[in-house]
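Me: I'm new to reading protein models, and I would like to look closely at a single part of this one. Could you walk me through that part slowly and tell me what surrounds it?
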Amino acid sequence: MEEGRAYTWDGVFTHLEMLEAQAHEAGKKQEEKKQQEEKLARLKKRVKELRTQKDKLQAKVDLQQKGQTGREGTMSDTTEASAGAVLEWKIRRVKDMLQVFYLTGISGKLTKRGVCFSISTAYEGTYLDSYYLDLLTRPEVRIHHHSVPTFIPLEQITKRYLQTDIRRFLSVLSDHLNAYAGRKYQADQLQEHFSDQLEGTLQRNSLCNLLVFNYKVPREGKTFPFSARLIYRDLCCSLPTEAVVSCAVKVPESLGQTAAAHSELFRHVALHKAFCSFNSAVEKVAGAP
């Protein structure tokens, strides 16, 4: 009877821990959404200001062009003033665009032959790596040099966006790089902080969109071997779209529920944080009267 009660408590604590982690993740996503909405509002305001400046400048240029009558010297002065105003507006527009990119982790600087962009990656507030793109703008926009890893689908992203929408190109590339950096960071954290719970080496491919590992689950003085296979089909996401967890030996019903709970947690919580949740659940069960 006591054994059945222990299994029941185990399932309840595991489920509660999973709900707690999901609630924390939902709260975090809500806060991130709020921050993104505030950032979007600022960017929309800035775009509106730029459009107003553009309209005023265009009106000024049109007025100057209409006044290009009379002496040749006057026309020449007006033309020169118009060209200077347009050039100034173009330079200011490029600088404003670079500032907008900077807010999203993308910075850039003008070069003699184009623009050099730097894309910074981070995961949950932790700065990770930066990658650069050196673009030439003449006779058409093209990549001159870059440090993007070979397994990132840069060629596909380039063909689809570079010539038509450079902002979209940088945004999509940044999503790919940040998702890869996030997946790699989680795998590194798991190996660094939970190696005592892993059986063997964590297996991963270069893109870190496939992780396979074995780990131990302690229960009542015993350890049970579990295996996990995480697949990330969305390359712009740092959480797996599929998580298969199983136990290699015959286990009590409560442990079968644990495997299902672990699978669910892997899909919604960062990998190393999921293991923190496992350990907290074990400690609570061990300390229960």
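What follows is a close look at helix α4 and its surroundings.

Reply: Happy to! Please keep in mind from the start that this is a predicted model.

Let's begin with the whole chain, to see where your helix belongs. The protein chain has six helices and eight strands. Read from the N terminus, these elements follow the order α-α-β-β-β-β-α-α-β-β-β-β-α-α. Of the 289 residues, 35% are buried. Among the contacts with a separation of 6 or more, 45% are between residues 24 or more positions apart.

Now zoom in on helix α4, which covers residues 166–193. A good place to stop is Q186, one of the residues in this helix. Is Q186 buried or exposed? Its relative accessibility is 1%, so Q186 counts as buried. What does Q186 touch, once we leave aside its neighbours within four places in sequence? The list is Y123, S238, L239, A270, L271 and H272. Two of these are easy to place: Y123 belongs to strand β2, which spans residues 114–123, and L271 belongs to helix α6, which spans 271–287.

Next, look at the sheet beside the helix. Four strands form an open sheet, in the order β5-β6-β7-β8, with antiparallel pairing. Strands β5 and β8 are its edges, each pairing on one side only. From one strand to the next, the twist averages 20°. Here is a general idea to carry along: strands of a sheet pair through backbone hydrogen bonds, either parallel or antiparallel. In this sheet, β5 and β6 are joined by four bridges in the antiparallel sense, and Q203 stands opposite V212 of β6. Helix α4 packs on the sheet and touches β5 and β6, with its direction at about 160° to that of β5.

To see this meeting at the level of one residue, take L202 in strand β5. With a relative accessibility of 5%, L202 counts as buried. Apart from residues up to four places away in sequence, L202 touches A187, L190, Q191, L211, V212 and F213. A187, L190 and Q191 fall within α4, while L211, V212 and F213 fall within β6, which spans 210–219. L202 and F213 are eleven residues apart along the chain, and their C-alpha atoms are separated by 4.7 Å. In the loop between β5 and β6 you can also find C208. Its phi is near 55°, a positive value in a residue other than glycine. C208 is buried, with a relative accessible area of 3%.

Some of these names return when we ask about the nonpolar core. In soluble globular proteins, nonpolar side chains tend to be buried together. The largest nonpolar core here has 24 residues, and those with the most contacts inside it are L190, F213, Y215, L230, F266, L271 and F275. Helix α4 supplies at least two residues of this core, as do β5, β6, β7, β8, α5 and α6. A second, separate core of 21 residues includes Y131, L133, I152 and F169. F169 lies within α4 by its position in the sequence.

Finally, visit helix α3, another neighbour of α4. In α3, which covers residues 154–162, the buried residues are L154, I157, T158, Y161 and L162. Why do they share a side of α3? They cover an arc of only 100° around the axis, which puts them on the same side. A general rule helps here: an α-helix has 3.6 residues a turn, so residues three or four places apart point the same way. E155, Q156, K159 and R160 are exposed on the other side of α3. The buried residues of α3 pack against α4 as well as β3 and β4.

So what picture can you take away? Helix α4 packs on the sheet, where it touches β5 and β6. The buried residues of α3 also pack against α4, and α4 supplies at least two residues of the largest nonpolar core.

Definitions and conventions. Residues are numbered from 1 along each chain as its sequence is written. This is a predicted model: local features need pLDDT of at least 70, side-chain atom pairs count only at pLDDT 80 or more; totals for chains, interfaces and linings use all residues. Side-chain values use heavy atoms; hydrogens and water are left out. Buried means under 20% relative accessible area, exposed over 50%, partly exposed in between (1.4 Å probe, protein chains only). Contact means heavy atoms within 4.5 Å. The arc is that of the directions from the helix axis to the C-beta atoms. A nonpolar core is a set of buried Ala, Val, Leu, Ile, Met, Phe, Trp, Tyr and Cys residues joined through side-chain atoms within 4.5 Å. Two strands pair if DSSP finds at least two bridges between them. Axes are lines fitted to C-alpha atoms, for helices over the stretch in contact, and angles run from 0 to 180 degrees between N-to-C directions.
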